[in-house]
Amino acid sequence: MNNKKKLVMIGNGMAGVRAIEEILNANPDMFEITIFGAEKYPNYNRIMLSPVLAGDTTIEDIILNEEQWYADNDITLHLGKRIKEIQRGYKKVIAEDGTEAEYDKLIIATGSNPFIIPIPGHDKKGVMAFRDIDDCDAMVEAAKTYKKAAVIGGGLLGLEAAKGLLHLGMETTVIHDQATLMNMQLDTVAGAMLRSELEAQGMAFKTSTLTTEVLGDERVTGLKFKDGTTLDCDLLIMAVGIRPNMALAKDSGLFCNRGIVVNDYMQTVTDPAVYTVGECAEHRGIAYGLVAPLFEQAKILAYMITGQGLKTYEGSVVSTKLKISGVDVFSAGDFMGTPGADIIELMDKVGGVYKKIILEDDKIKGLVMFGDTADGPTFFQWMQDRKDISEQRSTMLFAASGLGDAGHSGIDLAASMADQTVVCGCNGVSKKDVVDSIVKGGLTTRKEITACTKAAGSCGGCAGLVDQILASTLGTAFVESEHDPMCGCTELNHEQVKKQIKNKKLTMVREVMSVLDWKSEGCHVCRPAINYYIGMLWPQDSEDDRTSRIANEKMHANIQKDGTFSVIPRIYGGETTPDELIHIGKIAKKYAIPTVKITGGQRIDLLGVKKEDLTAIWKDLDMPCGYAYGKALRTVKTCVGSNWCRFGTQDSTSLGIHLEKQLDRIWFPAKVKLAVSGCPRNCAEATIKDFGIVGVEGGWEISTGGNGGVHVVVTELLCIVKTAEEVEQVAKAYLQHYRETGRHNERCAPWQKRVGLERIKALVVDDLDNRKALIERLDLYLAQQEKDPWVARIEDAKKDGLKIFSEYTPIDIPVRVES
């Protein structure tokens, strides 16, 4: 006997199916479920329609719930069947083909309809919306015959449609009635940056322009505007907004206003047996169009309909995190601000990054971000929590994102995020959801996390953040999957990108993204990686792309939490002289350095250097750059060895100084630390370094793949050699092999675990010809690294006739604070 209640849902889209998933999670045996979908496809990701239109992916790739999923959950699915009538008195729905289904509970999830502007000629052939797969198919067919497209609407949907049409080879113009593109999500600065980026991709724009008529006889041939001008086109896409699809509900007697009006339990106010979720629903006067609030509604609906209690939906504070034609944008709250508002602003025109935060009483009132949105979810959480950010305001726009490298600024974005912070706005996935899938579910790759939680499964904008959480949670146990894409901008993984750069001799970052069909202009994950791979593979034929570096590497100093900088000169092997110490002391006094610290790497750290003093202090120090900010050789730590220590068996200091001078100015996939101990007492801690050397009777013991810090990894024995010359050869070969096969941001410890010590030993120690070849490639690279970066910046300043850093800014990253 079947005691299950009958649940019918009209609509088979993202919000409705999410509600069904929540219901099944709460009580899988409560309902006999029937779903009617007007389209012929199962639930798919509408956010990914643009890549389908552009031909970058297929409908099969964006299906969220395969037909088998419905079968596995005993759901009766009717595809291609539109409901024409709801008979609430009989608790029955009737489809256009006559199919009927009775219900105890009904969910209406009919979504929305595209709005077509009712101007003369709007019904001509060649005029269409961009809302579903059928629209994509129609546009693809049109592009085979027609070559000039116009898109009315400069919002997200319009720009994505324009991008797809460009990929189809059509000359595309976007018409927008406002001066700023995406004016509901971006301020004028971000809108202008977006326009510039899209114009570079080939889009044309007519902003502040009102369309008054569609020209042509049977088919569109052009547009007429309010100012009297015209534009030729033979395909017109209207992407000016959506309207809740509520006609069926209204015909059945349900109360409708802007949408189908619901209470705080997502029940229609007219009939408690009928629920509504998604874009068709109106709650407290608001009809939401973004995915995140719709998924919040789905949870409340499931909670109520399964009888778990009276949990209420009180509306959503929405943020927008989107990828527009490959460019990341994020906005939330009042991001425009008013005259005299308290504003923190960062601009990097060259790197294409802009961030603005509006404050009120030291609390975030709104924010807008362009290009680098990694810390957007954290800021949004702070805004929701009404967090006092007075201590963070001078550094928050630098911290943890692509501009402020987490590994070097001391801030781990993933670790610093609160558990409740929403990582994936498209699917309502929090940081805790991701961490739980890793810790409790034993997941180790982004692909597995996406399959489990749906994070990074929609627009892909949070893929990099999911990777950061994965790496932060697993620590040194994290080994990137061979199959995971480098980031959300491409389907290629690190090995595939390196192979293409080598085989096609690609020598510029933008060339790589163009030739390899990047989905965007790159992000803070892929651009630094590409820049590194190019420099490593083609040292003689490429130039460093500074716009693709993180902020610390651009600035050649570490940004501190108060907005000042840390300057650490190179002190080879940790050995200095009285004169050098006096010199450093005089410089510290001259510039009123508040803190002078001996580092763990046996160097001297000048902390609290003002930005405007950087170039001058480098010049006055007249010492080599210590690279304490970059993915480079940091230090070669030494003990005093046999020169002074009665236990010392080898001259560790001389060897350490020699190695540091030989390996100086080398960029690696991640930071590299060496240590040389003069005896097995290991005072230099060589056994937790990337490359450790310990003096023993008659030679040197070399061990590799160690790591200090939170997740300590002890080195593994690579080999024992007799001479300092052999140590240098093995060190150079090992590090070059790491440079060539390591993935950007992958430390030696996980790299060695991934590649395997025996494989490394065979190529670096046993195969002498290969060792020699590795050393030759490293020496070729080193021959191109002649100029110290501090010296280069000083010379640039002199060239421009400038004296201090505040007058000379190699990159445009001013931080402006207005009150």
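Student: Which residues are exposed on the other side of helix H25, away from its buried residues?

Tutor: In this predicted model, the buried residues of H25 are Arg771, Leu774, Ile775, Leu778, Tyr781 and Leu782. They cover an arc of only 120° around the axis, so they lie on the same side of H25. On the other side, the exposed residues are Asp769 and Lys772.

Student: What covers the buried residues of H25?

Tutor: Helix H25 spans residues 768–783, and its buried residues include Leu774 and Leu778. Among the elements that cover these buried residues are helices H17 (526–537), H21 (652–663), H22 (724–741) and H24 (757–766).

Student: Which residue has a side-chain oxygen within 3.3 Å of the backbone nitrogen of Asp769?

Tutor: Asp769 is one of the exposed residues of H25. The contact is found at the start of H25, and the side-chain oxygen belongs to Asp767.

Student: Why is strand S2 described as largely enclosed by the rest of the structure?

Tutor: Strand S2 comprises residues 31–37. It pairs in the parallel sense with strand S1 (residues 5–10) over 6 bridges, and with strand S3 (residues 76–79) over 4 bridges. S2 is called largely enclosed because the number of its 7 residues that are buried is 6.

Student: What is the handedness of the crossover from S1 to S2?

Tutor: S1 and S2 pair in the parallel sense, with Leu7 standing opposite Ile33 in S2. Between these strands the chain passes through helix H1 (residues 14–26), and this β-α-β crossover is right-handed.

Student: With which side chain does the side chain of Asn245 make a polar contact?

Tutor: Asn245 is located in the loop between strand S17 (242–244) and helix H7 (247–251). Residues that Asn245 touches include Thr110, Gly111 and Cys280. The polar contact, at 3.5 Å, is with the side chain of Asn113.

Key
Residues are numbered from 1 along each chain as its sequence is written. This is a predicted model: local features need pLDDT of at least 70, side-chain atom pairs count only at pLDDT 80 or more; totals for chains, interfaces and linings use all residues. Side-chain values use heavy atoms; hydrogens and water are left out. Helices (H or I, at least four residues) and strands (E, at least two) are DSSP runs, numbered from the N terminus. A polar contact is a pair of N or O atoms within 3.5 Å; within protein, one must be able to donate a hydrogen and the other to accept it, and residues adjacent in sequence count only if both atoms are side-chain atoms. Contact means heavy atoms within 4.5 Å. Buried means under 20% relative accessible area, exposed over 50%, partly exposed in between (1.4 Å probe, protein chains only). Two strands pair if DSSP finds at least two bridges between them. A crossover is right-handed if, with the strands pointing away from the viewer, the path from the first strand over the helix to the second runs clockwise. The expected span of a helix is 1.5 Å times one less than its number of residues. The arc is that of the directions from the helix axis to the C-beta atoms. Lists of a residue's contacts leave out its neighbours within four places in sequence.
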